[in-house]
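Biologist: Could you take me on a close look at one strand pairing, and then show me how the rest of the chain is put together around its helices and strands?

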Amino acid sequence: MSPSVQLQEMIRAIRSARTQCEERSVIQRECAAIRAQFRQADNGGRSHNLAKLLYVHMLGYPAHFGQMECVRMIASPRYSEKRVGYLGAMMLLDEKQDASLLITNSIKNDLSHSNQFVQSLALCTLACMGSAEMCRDLAPEIDRLLRASNSYIKKKAALCAVHIVRKVHELGELFVPAARSLLSEKNHGVLHGAVVLIIELCEQNPETLEHFRKTVPDLVQIMKGLVLSGYSPEHDVAGISDPFLQVRILRLLRILGRKNEGASDAMNDLLAQVATNTDSTKTVGNAVLYETVLTVLDIKSESGLRVLAVNILGRFLLNNDRNIRYIAMTSLQKIVGTDHNAVQRHRGTIVDCLKDQDASVKRRALELSLALVSASNVRSMMKELLLFLSSCPAELRAHATSGIFNAAERYAPSQRWHIDTMLHVLITAGGDVRDETVPNLIQLITIASELHCYTVHKLYRALIADISQQSLVQVACWCIGEYGDLLLRGDCQEAEPVQVTEDDALDALETVLHSHMSSPATRGFALTATMKLSTRITDNVDRIRSIVSIYGSCIDVELQQRAVEYNALFKKYDHMRAAVLERMPVIEKNSPGHTNGESTGEATQDAPRAKLKQGELLLPPQQPANQVCNLLDLLGDSEETLQPSPAFGGAAPGPSVNTTSTAGGDLLDLLGGLALTPLAPAPVAPPVPVYDKSGVTLTVSCEKQSATGLTVTLTASNATDADISSFTLQAAVPKSVQLHMKAPSGDALPARGSAKVTQLVVLNNPNKVNLKMRVRVSYTRLGSAFQDTVQIDSFPGLDAAGQ
């Protein structure tokens, strides 16, 4: 290929290359020829060479050696060379390149050029790659061009001003007068640029927003002219007059009317007119209607207008385009809390979207369906949701089960219905439920004392049918252990009569113990249930003793420990076995952090192991050594060294019992001080806010457990419009205070306070020093990490003489 080939020939040669190596060879030869011609003083084909170099750059090959040629061509008096030079500058230069500063003077000269097309080139380049320094130097020139008589220049100057405002916020005040005057223009291009500029100015400065609220009547008149105007070939798109300008004006009206009743009243009639007169059969009309709906829902609009907006979204749900259905459900999800009744009218259509083939539409339909559940429709909605759960995709199953549990707990019409619903979910998707489901269901079963017989029979039948769902198996084993006598009695009138013998019950538990599908935790439930049956049956105690003794040499330490303790209970303390293994009392759900079916870390951890008080006899795990360290320097100004929480190590510690034993002491000395008199619960102080910044709120409440013991509950919520992830709380106290952090209820804070994260901290202050705690709050929002620290010097509910 000769060095003088034209652009078309070079493109043809590159496309004809059969391998990548051959393509690189062609490009390298051509780049070498272009370099040589750039060095020549008198080069008449500079524009052609730069055009070829830009094509090479578009293919992803290096073209940086053409930057200085761009600078020289911009300074050329010939329009053909200026055009290619400016194009090259926009593609090869950016604000980080030093060469970009060399074209500032050329741009300033061209902004005053007599040719409007040369001015246009300079405006486009500045709007594309202008740095903050360039914007400061050239902002007065742009303001001058905004007042020019040429509409072609004014619309480009308006868009260039938008770039300047984004780069240098304080320059926005310079363009306010000119932007206001542009609204009187008749040219649609100028109006479009003016609206975009005003939107940017209003978002940057609240004072500017108040200034432009006076323009609402002008914007309403412009919008009415577009809606009521006849056919205009220049601006018509599928029967809609300039939909691009309409969408921009509606967006600006939404900003101006937000939280302002006067501005909202001025645009209510217009929005109703647009909503009723816009054709919804085409995509263009749907775009205008959607923007209208967003505006109606965001301003202080009338109730009738809001219902009209919701009905438009309901029509969107019937559209064949999945994108339109998706945005409709996204919008309905945002307003279901404020306009619940209006959204309820479209419940049937929303439920039908659960059958959609698109995964995104299905997810949005699930979230909206869960939000629509209420006390009046809980039975019908739950029927649809359970039907969806049976064919639910794997990636949505965990979210579906969690939402169903929350809705069932909040709106359950009866305890039996609540239990049946939770069991149905466990049978259908027991492997996808959250960890706290098992203790929550156990707590629910213990409360419904009149349903114990019904529940144990139903769980026994489910256990016989399927032992693959671990959560279901754990609850079933627990119930068989607690209410085995009711299962064997067989006189339950609410369930189908099934005669269960002692051997049948033990066979079911042995099947769980021997199954390869059973997790260690499930085997622990089954082994404890087997042990508890020893006090509820009479003829198979020896069989139970042999089952328990087998696991005394189990490789799993947890099972081995249980089996050893149970064997000791059979041999050395057989006279106490009936009292230790008696039926558990009702588990009261009194955790301060429990809301909407989501238990705190304390409920999650302690509920499954509550049997420890009566029958498991497990030794507590050893507490970590009291290391003398100043963790994270959280209390750097404290006179006492801090003791770190064991939860800081990464993994949450397992549930434990705060009981100490002497070395060499007897294994079952735990029972020596067994108190039979129940203690009255300590009063719980109401939560007190201790942190409120950037939409994240942290409250603290305390419950005094003993003379030196204290349980502190930290509850976090998110009032912003963005979800928060990786949320963690870290705490430190003086050295003499013992601190233990339970596992948090989660690490995500949904937007607008729809859920909370609760962290329980157990403190022991044996020396009764002045108690204080410093908490570090860490989270991620919109891809950015945040960290802050708050010190708690006083704890609600403690008297002055206490801790």
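Which residue in S5 stands opposite Lys-693?

Modeller: Happy to. Val-696 in S5 is the residue that stands opposite Lys-693. Before going on, a word on how to read this: the model is predicted, local features need pLDDT of at least 70, side-chain atom pairs count only at pLDDT 80 or more, and totals for chains, interfaces and linings use all residues. Residues are numbered from 1 along each chain as its sequence is written, and side-chain values use heavy atoms, with hydrogens and water left out.

Your pair sits in a hairpin. Strand S4 covers residues 688-693 and strand S5 covers residues 696-704, and the two pair in the antiparallel sense over 5 bridges. (Strands are DSSP runs of E with at least two residues, helices are runs of H or I with at least four, and both are numbered from the N terminus; two strands pair if DSSP finds at least two bridges between them.) The turn has 2 residues between S4 and S5, and Ser-694 there has a positive phi of about 55°.

On the next pairing, S5 runs antiparallel to strand S6 (residues 709-718), joined by 9 bridges. Within that pairing, Leu-698 stands opposite Ala-716 in S6. Put together, the strands form an open sheet of 5 in the order S4-S5-S6-S9-S8, with antiparallel pairing. S4 and strand S8 (738-741) stand at the edges with a single partner strand each, so one side of each lacks a neighbour in the sheet. On average, neighbouring strands of this sheet are turned by 20° against each other, direction ignored. (Angles run from 0 to 180 degrees between N-to-C directions, and axes are lines fitted to C-alpha atoms, for helices over the stretch in contact.)

One residue of S6 is worth a stop: Leu-710. It is buried, with a relative accessible area of 1% (buried means under 20%, exposed over 50%, partly exposed in between, using a 1.4 Å probe and protein chains only). Its C-alpha atom is separated by 10.0 Å from that of Phe-795, 85 residues apart along the chain.

Now step back to the whole protein chain. It holds 34 helices and 11 strands, and buried residues make up 51% of its 803 residues. Among contacts (heavy atoms within 4.5 Å) between residues at least 6 apart in sequence, 68% join residues at least 24 apart.

The helices give some good pairs to look at. Helix H5 (residues 79-92) and helix H7 (residues 116-129) pack at about 10°, with axes 9 Å apart. That makes H5 roughly parallel to H7 (under 35 degrees counts as roughly parallel, over 145 as roughly antiparallel, 65 to 115 as roughly perpendicular and the rest as oblique). The residues of this contact divide into 11 nonpolar, 1 polar and 2 charged. (Nonpolar covers Ala, Val, Leu, Ile, Met, Phe, Trp, Tyr, Cys and Pro; charged covers Asp, Glu, Lys and Arg; the others, Gly among them, are polar.)

Helix H29 (residues 502-514) and helix H31 (residues 541-550) pack at about 5°, with axes 11 Å apart, which makes H29 roughly parallel to H31. Here Asp-503, Leu-506, Asp-507, Glu-510 and Leu-513 in H29 meet Arg-543, Ile-544 and Ile-547 in H31. By class, that contact has 4 nonpolar, no polar and 4 charged residues.

Helix H26 (residues 452-465) and helix H27 (residues 470-482) pack at about 135°, with axes 9 Å apart, which makes H26 oblique to H27. On the H26 side, the contact includes Leu-459 and Tyr-460, and on the H27 side Val-473 and Ile-480. By class, the contact has 11 nonpolar, 1 polar and no charged residues.

Finally, two buried spots. In helix H10 (residues 172-182) the buried residues are Gly-172, Phe-175, Val-176, Ala-178, Ala-179 and Leu-182, and they pack against helices H8 (132-146), H9 (151-167), H11 (188-204) and H12 (206-212). Val-343, in helix H19 (residues 340-344), counts as buried at 0% relative accessibility. Not counting residues up to four places away in sequence, Val-343 touches Val-310, Leu-332, Ile-335, Val-336, Ile-350 and Leu-372. From Val-343 to Val-310 is 33 residues in sequence and 6.6 Å in space, C-alpha to C-alpha.
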